[in-house]
Amino acid sequence: MTGLVRARDRLWEECRIAVEAAAAVPFAAWLAGRVPGDLPCLIVCGANADWAPE
């Protein structure tokens with residue numbers, strides 16, 4: 001399972017936010033410690049989500 005899929009699934013499991021895979025990229029980067037700053041703002045979108053857990 002890729003970091004992107006794990007991020008997408010975590011958004012659903014912990015926050016009940018269903019996002020399209022590409023929209024989970026900022027969250028995956030944040031989880032990997034690649035987003036600078038103390039209080040980053042991450043924007044995610046679920047407009048084109050065809051979500052199912054893997």
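What percentage of the chain's 54 residues count as buried? Keep that in mind as you load the model, which is a predicted one. The answer is 19%.

**Stop 1: the whole chain.** Switch to cartoon view. You'll find 2 helices and 0 strands. Now turn on the surface: the accessible area comes to about 4,000 Å², and 55% of that belongs to carbon and sulfur atoms. If you like contact maps, here's one for the chain: among contacts between residues at least 6 apart in sequence, 49% join residues at least 24 apart.

**Stop 2: helix H1.** Select residues 3-15, which form H1. Try a distance between the end C-alpha atoms: they are 17 Å apart, and this agrees with the 18 Å that 13 residues should span at 1.5 Å a residue. Step just past the end of the helix and you land on Arg16, where phi is positive, near 55°.

Back inside H1, colour Val5, Ala7, Arg8, Asp9 and Leu11, which are buried. What do the buried residues of H1 pack against? Bring up helix H2, residues 25-31, because that is their packing partner.

**Stop 3: the core.** Show side chains for Ala7, Leu11, Val19, Ala23, Ala24, Phe27 and Ala28. These 7 residues make up the largest nonpolar core. Both helices have a stake in this core, with H1 and H2 each supplying at least two residues. Zoom in on Ala28 and look beyond its neighbours within four places in sequence: Gly3, Leu4 and Ala7 are in contact with Ala28.

**Stop 4: two arginines.** Pick Arg8 first, in helix H1. Is Arg8 buried or exposed? Arg8 counts as buried, because its relative accessibility is 9%, under the 20% cut-off. Look at the side chain of Arg8 and you'll see a polar contact with the side chain of Asp9, at 3.2 Å.

Now hop along to Arg10, also placed in H1. This one is partly exposed, with a relative accessible area of 34%. Leave aside neighbours within four places in sequence, and the residues in contact with Arg10 are Cys15, Phe27 and Leu31. Click the C-alpha atoms of Arg10 and Phe27 to finish: they are separated by 9.5 Å, with the two residues 17 apart along the chain. Phe27 should look familiar, as a member of the largest nonpolar core.

Terms used: Residues numbered from 1 in each chain as written. Predicted model: local features only at pLDDT ≥ 70, side-chain atom pairs only at ≥ 80, totals over all residues. Heavy atoms only, no water. Helix = DSSP H or I, 4+ residues; strand = E, 2+ residues; numbered from the N terminus. Buried < 20%, exposed > 50% of the residue type's maximum accessible area, 1.4 Å probe, protein only. Contact = heavy atoms within 4.5 Å. Polar contact = N/O pair within 3.5 Å; in protein donor to acceptor, adjacent residues only side chain to side chain. Core = buried A, V, L, I, M, F, W, Y, C linked by side-chain atoms within 4.5 Å. Areas by Shrake-Rupley, 256 points an atom, 1.4 Å probe, with all protein chains shown as cover. Expected span 1.5 Å × (residues − 1).
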